[in-house]
Amino acid sequence: MGSRATFYMSWCLCITTGIACVVLVVYWYWRWHGGFAWDGTQAQFNWHPVLMISGLLVLYGLAAVLFRVPWGWSHKKRGWKMLHAGLMLAALILAGVGLHAVFVVHRNLNIPALYSLHSWVGMSAVVTFAWQWFLGLVGFLLPCSAPRLGGALKGIHVWTGQAVLMLTLAACISGINEQLFFALDGVSASAYSSLPVEALFGNMLGVLTVAFSVLVFGILSKTDWQRPNTNTNDEATPILMREEAI
């Protein structure tokens, strides 16, 4: 099987896994936690995991592999740069709304905020992502961006791009596990250790987030799937992760 066919199989599997992550997290909070609203209650909190997984994990990961898609190689890279940056900005906005939702609920219900490992890792992911997006804008996308500046920032851009995805995965896993421990406490519901249906469902979602992240890193690590350098501006391409093998 050719390298291009293998790429498209991997890319389609990555997209399918990402969509499955979003569908499962939506169903989880609709089925077991009362659905969604924007009223400062638990129903508003339910937007937090949905928006974080949808934006900070899935949309982020798909935007990361955008430059690997072969049918885009024949088009000018400027347009793909804009699409890449736009998708990343959309992911950042979703993450920001997700954070706003949880902070509002914690304030309304007098719940302490930013005390858990999950919250520390998640905030680290968002702050690093915001910084990385800004560096990408300044170093690679603005008309006044100098190639020398892009070259100087490329290593930082590469490192932070990888760090964001790893931090996001850690936040997703810890958040899923934290929610299951809180909800399945053995008093108001079955104990997590007895593996009720919700526990199995949440664990499955966690496994899917790992699988999605592995697929993204796998696609980015294949040197055969890099976009060919076709002009002198390629060095300043605003890629999220390294164009060389990870």
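## A walk through an all-helix chain

The protein chain has 7 helices and 0 strands. Following the chain along its sequence, you will meet the pattern α-α-α-α-α-α-α. Keep in mind as you look around that this is a predicted model.

Let's begin with the chain as a whole. It contains 246 residues, and 49% of them count as buried. Its accessible surface amounts to about 11900 Å², with 70% of that area belonging to carbon and sulfur atoms. The contacts are worth a look too: of those joining residues at least 6 apart in sequence, 74% link residues at least 24 apart.

Now turn to one particular pair of helices. Helix H1 spans residues 3-31 and helix H7 spans residues 197-221; the two pack with their axes 9 Å apart, at an angle of about 150 degrees. Angles over 145 degrees count as roughly antiparallel, and H1 and H7 are therefore roughly antiparallel to each other. In passing H7, H1 makes a left-handed crossing. Sorted by class, the residues in this contact are 19 nonpolar, 5 polar and 1 charged.

Finally, step back along the sequence from H7 into the loop that links helix H6 (147-183) to H7, where you will find Ser190. Is this residue buried or exposed? Ser190 counts as partly exposed because its relative accessibility is 43%, a value between the 20% limit for buried and the 50% limit for exposed. Leaving aside residues up to four places away in sequence, Ser190 touches Leu184, Asp185 and Pro196.

Conventions:
Residues numbered from 1 in each chain as written. Predicted model: local features only at pLDDT ≥ 70, side-chain atom pairs only at ≥ 80, totals over all residues. Heavy atoms only, no water. Axes fitted to C-alpha atoms, helices over the stretch in contact; angles between N-to-C directions. Helix = DSSP H or I, 4+ residues; strand = E, 2+ residues; numbered from the N terminus. Parallel < 35°, antiparallel > 145°, perpendicular 65-115°, else oblique. Left-handed = near helix turned anticlockwise from the far one by under 90°. Nonpolar A, V, L, I, M, F, W, Y, C, P; charged D, E, K, R; others polar. Buried < 20%, exposed > 50% of the residue type's maximum accessible area, 1.4 Å probe, protein only. Contact = heavy atoms within 4.5 Å. Areas by Shrake-Rupley, 256 points an atom, 1.4 Å probe, with all protein chains shown as cover.
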